[in-house]
Amino acid sequence: MRIKLAKTAGFCMGVQRAIDMALRTAESACDGKPIYTCGPLIHNPQAVAELESKGVRSIADWRPVGEGTMIIRAHGMPIEEIGEMRARGLTVVDATCPHVVSSQNRIKKAAEEGYFVVIVGDPRHPEILSLQSFAPGNHLVISSVEEVGTLPAVPKAIVIAQTTFHEKQYALIAKAVSERIADCRIVQSICKATSNRQAEVERLASEVDAMVVVGGRDSANTRRLAEIAEARGVRTVHIETAGELDPAFFRGAETVGVTAGASTPAWITRSVIERLETFSS
């Protein structure tokens, strides 16, 4: 069985930066005070477990914390919450991905200029919760073309997407918004690493008999890679670890493609490939 690994598989720049910042914070800590992330730093449980072993603990709610350091995760957090942390005397290490920061700044500027902000993405995703805070009371979150019909009648709008959103789907939504609102600015906010991964998995899926997508089940960009591969008609499995691989799934497959989400550590992807190499076609 031949294995083809996507060139773009694994950590993106923003995730690697967040991990590095968290590790440096843990290494330099000398006052004995706790170090936290509000929610997982990245959407990969194995990477989060590794950080916890270094003293960086993920918590669901930062408000009960009385002292220590809060690391802002790569997806960002609502701006008012970060302000509250600092006002409470907590040390804040901001590991928000620079691409997300760019979107935050664009939303803030547009809102100040009187534009209604249309944010495209998963309303439950932490990045969206962060982006919303930069246009309070002057925005709407949508995730499909059908939801464009819920937009209010506004004179001008800006459309911006979650950085890990599906590129082709975003193009359709943005087009629908522009047809509804005459003065409409479309921002190309999807991270290049995300769009490159999506394009590559689409190509790879057409060249193999089966696809393996490696990464956290809570990772939006990883789930999207699996959806794209499945849409190409190739049998696809989304796993977090090598132990989930079932040899029967690959029976008859001569070529297997492997890709990984932007939050997937390289060592996990390597272990998946090593296990695949033990399977016979």
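How many salt bridges does the count come to? The count comes to 11 salt bridges, and a few of them are worth a visit after a look at the whole chain. Please keep in mind that this is a predicted model.

## The chain as a whole

The protein chain folds into 9 helices and 12 strands. Along its principal axes, the C-alpha atoms fill a box of roughly 60 × 55 × 25 Å. Why does a radius of gyration of 20 Å agree with a compact globule? For 281 residues, such a globule would have a radius of gyration near 19 Å, so the 20 Å of the protein chain agrees with it.

Burial and contacts add to this picture. Of the 281 residues, 53% count as buried. Among the contacts with a separation of 6 or more, 70% are accounted for by residues 24 or more positions apart. The accessible surface of the protein chain comes to about 12,800 Å², and carbon and sulfur atoms hold 50% of that area.

As for charge, the protein chain carries 32 positive and 33 negative side chains. The centres of these two sets lie 3 Å apart.

## Salt bridges, one by one

Here are three of the pairs, with the distance from N to O.

| Salt bridge | N to O distance |
|---|---|
| Asp-61 and Arg-63 | 3.2 Å |
| Asp-122 and Arg-124 | 3.2 Å |
| Lys-175 and Glu-179 | 2.6 Å |

Let us start with the helical pair. Lys-175 and Glu-179 both sit in helix H6, which covers residues 167–180. These two residues are 4 residues apart, about one turn of the helix. Glu-179 is exposed, with a relative accessible area of 58%.

A network also turns up among the salt bridges: shared partners join Asp-61, Arg-63 and Glu-81 into one network. Two of its members can be placed by their accessibility. Asp-61 is partly exposed, at a relative accessible area of 35%, and Arg-63 is partly exposed too, at 39%.

Is each partner in the pair of Asp-122 and Arg-124 buried or exposed? Asp-122 counts as buried, since its relative accessibility of 19% falls under the 20% cut-off. Arg-124, on the other hand, counts as exposed at 71% relative accessibility.

## A buried arginine without a partner

Next comes Arg-197, which has its place in helix H7 (residues 192–205). Arg-197 is buried yet has no salt bridge. Which side chain of opposite charge is nearest to Arg-197? That side chain is Glu-200, and it is 7.4 Å away. A salt bridge needs a side-chain nitrogen within 4 Å of a carboxyl oxygen.

What does touch Arg-197, leaving aside neighbours within four places in sequence? Its contacts include a run of early residues, Thr-8, Ala-9, Gly-10, Phe-11 and Cys-12. Leu-225 is in contact with Arg-197 as well, and so are Ala-260, Gly-261 and Ala-262.

Two of these contacts lead on to another residue. Thr-259 has its place in strand E12 (residues 255–260), and at 1% relative accessibility Thr-259 counts as buried. Not counting residues up to four places away in sequence, Thr-259 touches Ala-6, Ala-9, Val-201 and Leu-225, along with Met-211, Val-212, Val-213 and Val-214. Ala-9 and Leu-225 thus appear in the contacts of Thr-259 and in those of Arg-197.

## Two more buried positions

Where does His-43 lie? His-43 is found in the loop between strand E2 (35–38) and helix H2 (45–53). Although it belongs to a loop, His-43 counts as buried at 12% relative accessibility. Leaving out residues up to four places away in sequence, His-43 touches two other histidines, His-75 and His-125. Pro-126, Gly-216, Asp-218, Ser-219 and Ser-263 are also touched by His-43. Arg-86, 43 residues from His-43 along the chain, has its C-alpha atom 25 Å from that of His-43.

Strand E2 itself holds Ile-35. Ile-35 is buried, with a relative accessible area of 6%. Beyond its neighbours within four places in sequence, Ile-35 is in contact with Thr-25, Ala-26 and Ala-29. Further contacts of Ile-35 are Gly-55, Val-56 and Arg-57, together with Thr-69 and Ile-71. The C-alpha atoms of Ile-35 and Val-100, 65 residues apart along the chain, are separated by 23 Å.

Key:
Residues numbered from 1 in each chain as written. Predicted model: local features only at pLDDT ≥ 70, side-chain atom pairs only at ≥ 80, totals over all residues. Heavy atoms only, no water. Rg over C-alpha atoms; globule rule 2.2 N^0.38 Å. Buried < 20%, exposed > 50% of the residue type's maximum accessible area, 1.4 Å probe, protein only. Contact = heavy atoms within 4.5 Å. Areas by Shrake-Rupley, 256 points an atom, 1.4 Å probe, with all protein chains shown as cover. Lys, Arg positive; Asp, Glu negative; His and termini not counted. Charge placed at Lys NZ, Arg CZ, Asp CG, Glu CD.
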